[in-house]
Structure formats: C-alpha cells, structure tokens
Amino acid sequence: MDDIIMAGIAGNLADINTIEESYDRWAGTYAKDADDLDYKGPRLGAEKLAQFVEDKQALIMDGGCGVGCVGKHLNNLGYTNVDGLDLSPKSIEVCKSLNVYKKLTVDKLGDNRLDVADDTYDALVTIGTFIPGHVNQSAFKEFVRIVKPGGYIIIGMREEFMDMATEYQNGQLEADMKRFADEGKWEWTQKEPINSFFAGKPGVHFVFKVL
C-alpha cells in the first residue's frame with residue numbers, strides 16, 4: 001500500500017491513467033491487504049458519519065470508494081442508500097459484488113465536474129483519498145456542489161500526509177478548508193485526531209456542514 005503512496009509523493013502518479021492502472025491491478029487483494037495492515041480508516045469513517053447523519057435512509061456518496069471498505073461498514077451500520085465513485089473500473093467491479101451500493105460510477109475526484117446534479121446528497125464521505133498524488137483540495141468545490149445545504153462532508157486521512165504532499169504542506173490544506181468556511185460555502189464543524197488510522201499511524205477527521 002505504501003508503495004503506491006510513495007510513488008505519488010515522488011510524482012510518479014501524476015498521470016490519472018497511472019493511478020487507475022495501479023488500483024486496477026490491486027483491486028483483487030486490496031481488502032485483504034488493508035486488513036493485514038490494520039487499516040481502521042474505513043470503519044472509523046463510517047462511524048464518524050453516523051455521528052452526524054442519523055437518518056439511515058440518507059443518500060450518501062462514498063467518494064473514492066475503492067473496493068467498498070467504507071460501504072461495507074456503512075451497510076453494517078444500517079445505511080442502505082449509498083452510492084460509490086472511484087477511478088478504478090476493477091475496484092468498482094469488486095464493489096458491485098458486495099451489494100451495498102445503489103449506484104456505482106467510474107470517475108475521479110478533483111476539479112472535474114461529476115455527472116451528479118446539484119444538491120443531490122445528504123452526505124459525502126471520503127476516506128483515505130487525500131494522499132500525495134491522489135485527491136487534493138481542488139475537489140472541495142465539487143463536494144460542496146453535490147451535497148445539499150445542511151448536509152455533511154467527512155474527510156479521513158493519515159496525519160503525516162499533511163506534511164508530505166506539496167499541495168497540503170505549510171498548512172495549505174487547512175488554509176483552503178478555512179477559506180471555504182470564510183466564503184460561506186461550508187461550516188467547519190470538527191477536526192478530530194485519530195490515534196490509529198492505518199498501520200498504527202495517526203490520522204485525522206475533518207467534518208464540514210454545507211451552507
């Protein structure tokens with residue numbers, strides 16, 4: 001898992017096709033590898049969403065759903081109206097076999113416009129996607145567009161990446177989060193440290209309420 005991440009830090013995954021191909025090759029073993037590496041992020045992300053979204057029929061977007069790790073935990077918590085989106089077609093195929101998603105789409109999270117109407121979702125959760133060379137704050141605008149006013153956006157990531165990725169460094173990620181709050185696009189509801197997010201390493205949750 002860290003091999004792909006370190007390649008992103010080195011700039012080798014700047015091409016979206018390279019990222020897609022890497023995750024396509026990994027799709028068959030990702031879930032087992034994540035378990036072996038004690039990747040708690042998906043379960044913790046689903047539980048964090050449950051703290052803010054009580055309605056189990058709420059329409060939720062699992063952004064960067066991968067092979068469905070977050071979706072499975074949401075389903076276990078009783079959420080049955082979940083869509084998933086990921087750039088890896090083979091990962092999406094794995095998700096289909098889980099029967100925990102209503103709709104699955106192959107697309108990326110970034111500055112591109114998604115094929116989703118404005119104000120569609122009650123919440124968006126994206127766990128483990130804010131990684132060097134992967135998703136960055138260019139996706140914030142689209143997150144706000146597709147989530148209804150009053151809906152929530154939950155981001156879960158490894159804490160160390162805030163200092164590794166060029167686009168996050170020197171407080172830039174949180175500065176852009178604050179800018180969205182200052183511009184009245186969302187309310188910064190919570191920043192919470194996570195003791196063990198991935199392989200015993202700490203993480204952080206960010207929660208925003210769309211205005």
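**Loops, helices and cysteines in a predicted chain**

Leu37 is partly exposed, with a relative accessible area of 32%. The value comes from a predicted model. Leu37 sits in the loop that links α3 (30-36) to α4 (41-52). Its C-alpha atom lies 8.5 Å from that of Gly200, although the two residues are 163 positions apart in sequence. The N-terminal helix of this pair, α3, also holds Tyr30. Tyr30 is buried, because its relative accessible area of 15% falls under the 20% cut-off. Leu37, at 32%, is between the 20% and 50% limits and therefore counts as partly exposed. From Tyr30 to Gly41 the chain advances 11 residues, and the C-alpha atoms are 14 Å apart.

The overall fold was considered next. The chain contains 9 helices and 7 strands. Its radius of gyration is 16 Å, and the globule rule gives 17 Å for 211 residues, so the chain is as compact as a globular protein of that length. The C-alpha atoms occupy a box of roughly 40 × 40 × 35 Å along the principal axes. Buried residues account for 49% of the 211. Contacts were also sorted by sequence separation. Among those between residues at least 6 apart, 67% join residues at least 24 apart.

The surface and the charges follow. The chain exposes about 9,500 Å². Carbon and sulfur atoms supply 47% of that area. There are 34 negative side chains and 23 positive ones. The centres of the two sets are separated by 3 Å.

Helix α5 spans residues 69-76. Within α5, the buried residues are Cys69, Val70, Gly71 and Leu74. They pack against two helices, α3 and α4. They also pack against three strands, namely β1 (60-63), β2 (82-86) and β4 (121-127). Just after α5 comes Gly78, with a positive phi of about 100°.

The cysteines were examined for cross-links. A disulfide is a covalent bond between the sulfur atoms of two cysteines. The search of the whole structure found 0 disulfides. For Cys65, the nearest cysteine sulfur belongs to Cys95, at 3.9 Å. That distance exceeds the 2.5 Å cut-off, so Cys65 is in no disulfide. Cys65 is buried, with a relative accessible area of 5%. Cys69 also has the sulfur of Cys95 as its nearest cysteine sulfur, here at 8.3 Å, and is in no disulfide. The relative accessible area of Cys69 is 13%, under the 20% limit, so this residue is buried.

Backbone angles mark two further loops. Most residues other than glycine have a negative phi. Asp119 has a positive phi, near 55°. This residue lies in the loop between β3 (103-106) and β4. Asp119 is partly exposed, at a relative accessible area of 39%. Ala199 also has a positive phi near 55° and is not a glycine. Its loop connects β6 (186-198) with β7 (201-210). Ala199 is partly exposed, with a relative accessibility of 39%.

Two glutamates complete the survey. Glu159 occupies the loop between β5 (147-158) and α8 (161-164). Its relative accessible area is 39%, which makes Glu159 partly exposed. Beyond four places in sequence, Glu159 touches Pro202, Gly203 and Val204. The C-alpha atoms of Glu159 and Pro202 are 5.8 Å apart, across 43 residues of chain. Glu21 belongs to helix α2 (residues 16-26). Glu21 is partly exposed, with a relative accessible area of 44%. Its C-alpha atom is 7.3 Å from that of Ser88, which is 67 residues away along the chain.

Terms used. Residues numbered from 1 in each chain as written. Predicted model: local features only at pLDDT ≥ 70, side-chain atom pairs only at ≥ 80, totals over all residues. Heavy atoms only, no water. Helix = DSSP H or I, 4+ residues; strand = E, 2+ residues; numbered from the N terminus. Rg over C-alpha atoms; globule rule 2.2 N^0.38 Å. Buried < 20%, exposed > 50% of the residue type's maximum accessible area, 1.4 Å probe, protein only. Contact = heavy atoms within 4.5 Å. Areas by Shrake-Rupley, 256 points an atom, 1.4 Å probe, with all protein chains shown as cover. Lys, Arg positive; Asp, Glu negative; His and termini not counted. Charge placed at Lys NZ, Arg CZ, Asp CG, Glu CD.
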